[in-house]
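User: I would like to go through the salt bridges of this protein. Please take them pair by pair.

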Amino acid sequence: MLFRFLVNLIYGLLIIVNGRLEVIGKENLPDKDTYVLVAPHRTWLDPVFIAIATRPREFVIMAKEELFNVPIFGWIIKKIGAFPVNRDKPGPSVIKTPVKALKESDQALMIFPTGTRHSTELKGGATTIAKLSKKPVITAVYDGPRTIKDLLKRKKTRVIFGQGFEVQRRVEGVSDLDQYYMDKMQASFDQLDQELKDRASHSES
């Protein structure tokens, strides 16, 4: 309940400041099952707008521990279900916590690999979690303001979701499954980025 309250409250404030969010491909999100959502981490606003775009779904969120030290934002992400991950020394909870949530609750999992070209370790973790929980992977990309200044300029915000895929224990002709699925995620991110660029170009013409 707190998750939904905070997400709706924040979105109400963001509408006033920045306008409405455009959501593309929401039909790709499972209605009756949990899933592993993976997205590029390009700004501290990524988890905020993606959580808004997936309403009313609630999440357990895997986030780098440094984010919890950001004033106000760190408190918000903790309250909406995020748990800290030490990227240099990830412990067993990195896998156990989300797998348990996916299997025993209605919460989906949100993972943000770092940077535009994403962290290999976290991509591999997403693959492992999806395989152990037997839940699909959904890719997402956020495009919009990256700073408070951009928000105040009312820059257009969009979230786009890709088609989900299952992580199999074996794929014919594939020897390195982790790399195979990492490449699959990256290809989906690139495709979603391009679709957003095409939509932006079309709207400007």
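The questions and answers below deal with salt bridges in a predicted model.

User: How many salt bridges are there?
Analyst: The model is predicted. A pair counts when a Lys or Arg side-chain nitrogen lies within 4 Å of an Asp or Glu carboxyl oxygen. By this rule the count is 7.

User: Which strand holds R158, the partner of E22?
Analyst: The side chains of R158 and E22 form a salt bridge, 3.0 Å from N to O. E22 sits in strand β1, so the pair ties together parts 136 residues apart in sequence, and R158 is in strand β7.

User: Is R158 buried or exposed?
Analyst: Buried requires under 20% relative accessible area. Its partner E22, at 24%, is partly exposed. R158 has 9%, so R158 is buried.

User: What is the relative accessible area of K135, which pairs with D33?
Analyst: D33 and K135 meet in a salt bridge at 2.8 Å, N to O. They are 102 residues apart, both in loops: D33 between β1 and β2, K135 between α5 and β6. D33 is partly exposed at 30%. K135 is buried, at 14%.

User: Which helix holds D193, the partner of R42?
Analyst: R42 and D193 form a salt bridge, with the closest N and O atoms 2.8 Å apart. R42 lies in the loop between β2 and α2, 151 residues away from D193 in sequence. D193 is buried at 18%. Its helix is α7.

User: Which residues are linked with E22 and R158 in a network of salt bridges?
Analyst: E22 and R158 pair directly. The network also takes in K156, E195 and R199.

Note on methods. Residues numbered from 1 in each chain as written. Predicted model: local features only at pLDDT ≥ 70, side-chain atom pairs only at ≥ 80, totals over all residues. Heavy atoms only, no water. Helix = DSSP H or I, 4+ residues; strand = E, 2+ residues; numbered from the N terminus. Buried < 20%, exposed > 50% of the residue type's maximum accessible area, 1.4 Å probe, protein only.
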